[in-house]
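Please read the following account with the sequence and the model side by side. It leads from the overall arrangement of strands to single elements and then to individual pairs of side chains.

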Amino acid sequence: MDNSDAFSRALRGYFAIVAAALGIGLESCTLDTDSPASAYLAVDQKAAAFPERDVAVLWDQRHGWSVAVETHSGEDLIVLAYLDTDTVVPPADLVAGFVEAICAGDTRRGRSDPPAIGNDADRRSLLVALSASNSPAAPLPGGAIPPTARNSTGVCGPGVRSGV
């Protein structure tokens, strides 16, 4: 197996763990292993500020995680917030909590500008981080999946401020 195969497997393993924490399967994910690596995860949650729009969770190896909403006209997604962390491979429960918080309008766990925490060229370090995240110690305690914070209409939280 060459490094590109190992990288693809490690990336897929990490996203399987994050997807499970978000309550979705890999069938809801699109992974791009080209440099810079990126991912799109379609989730069932809605942001209260945009209840008619689908929410997506995005990841790339330069900026890490963000929560965005789809547009109606095929334009670029509207990013609501970026995860404020110092690693592009944070634990799955941190990502799930971030998504839940942003959908609920709690912007304290996010930031409006993309953090420069990764490097396009440093795939070896990213492979090490991804492989470590796929270790038996990485899943949520007890294999639990964090609950989503949805009300009866399927919208997260009581309301959201526009943007961050």
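In this predicted model, six strands form an open sheet in the order β1-β2-β4-β5-β6-β7, with antiparallel pairing. The edges of this sheet are β1 and β7, each of which pairs on one side only. Strands of a sheet pair through backbone hydrogen bonds, in either a parallel or an antiparallel sense. At the β7 edge, β6 and β7 run antiparallel and are joined by 2 bridges. Here Leu83 stands opposite Gly110 in β7.

The sheet belongs to a protein with 3 helices and 8 strands. Read from the N terminus, the elements follow one another as α-β-β-β-β-β-β-α-β-α-β. The protein has 164 residues, of which buried residues make up 40%. Its accessible surface amounts to about 8200 Å², and carbon and sulfur atoms account for 49% of that surface. Among contacts between residues at least 6 apart in sequence, 59% join residues that are at least 24 apart.

Within the sheet, strand β4 deserves particular attention. How many of the residues of strand β4 (residues 55-60) are buried? The count is 6 of the 6, so β4 is largely enclosed by the rest of the structure. Val55, Val57 and Trp59 point one way from β4, whereas Ala56, Leu58 and Asp60 point the other way, and all are buried.

The neighbours of β4 in the sheet can be followed on each side in turn. Strand β2 (residues 38-42) pairs with β4 in the antiparallel sense over 5 bridges, and Ser38 stands opposite Asp60 in β4. Strand β5 (residues 64-69) likewise pairs with β4 in the antiparallel sense, over 6 bridges. In that pairing Ala56 stands opposite Ala68 in β5. The link from β4 to β5 is a hairpin, which passes through 3 residues.

Helices accompany these strands. Helix α2 lies across β4, β5, β6 and β7, and runs at about 135° to β6. Helix α1 (residues 3-21) has 19 residues, and at 1.5 Å a residue these should span 27 Å. The end C-alpha atoms of α1 are 27 Å apart, which agrees with the expected span.

Which residues of α1 are buried? They are Phe7, Ala10, Leu11, Tyr14, Phe15, Ile17, Val18, Ala19 and Ala21. The cover over the buried residues of α1 includes β1 (29-32), β2, β4, β5, α2 (92-103) and α3 (123-133). Both strands and helices are thus among the elements that cover α1. After α1 comes Gly23, whose phi is positive, near 80°.

The account now turns to charged side chains. The structure holds 5 salt bridges. One of them joins the side chains of Glu52 and Arg53, with a distance of 3.5 Å from N to O. Are these two partners buried or exposed? Glu52 has a relative accessibility of 49% and therefore counts as partly exposed, since only a value over 50% would count as exposed. Arg53 has a relative accessible area of 17% and is therefore buried, as the limit for burial is under 20%.

Another salt bridge brings together the side chains of Arg111 and Asp84, again at 3.5 Å from N to O. This pair links distant parts of the chain: Arg111 lies in strand β7 (residues 110-111) and Asp84 in the loop between β6 (78-83) and α2, 27 residues apart. Arg111 is partly exposed because its relative accessible area is 24%. Asp84 also counts as partly exposed, at 47% relative accessibility.

A further salt bridge is formed by Arg108 with Asp106, and the closest N and O atoms are 2.8 Å apart. Arg108 is exposed, with a relative accessible area of 70%, whereas Asp106 is partly exposed at 23%. Elsewhere, salt bridges that share partners join Asp84, Arg111 and Asp113 into one network. Arg111, a member of that network, lies in β7, and β7 is one of the edge strands of the sheet.

Methods. Residues numbered from 1 in each chain as written. Heavy atoms only, no water. Buried < 20%, exposed > 50% of the residue type's maximum accessible area, 1.4 Å probe, protein only. Helix = DSSP H or I, 4+ residues; strand = E, 2+ residues; numbered from the N terminus. Pairing = 2+ DSSP bridges. Expected span 1.5 Å × (residues − 1). Contact = heavy atoms within 4.5 Å. Salt bridge = Lys/Arg side-chain N within 4 Å of Asp/Glu carboxyl O. Areas by Shrake-Rupley, 256 points an atom, 1.4 Å probe, with all protein chains shown as cover. Axes fitted to C-alpha atoms, helices over the stretch in contact; angles between N-to-C directions.
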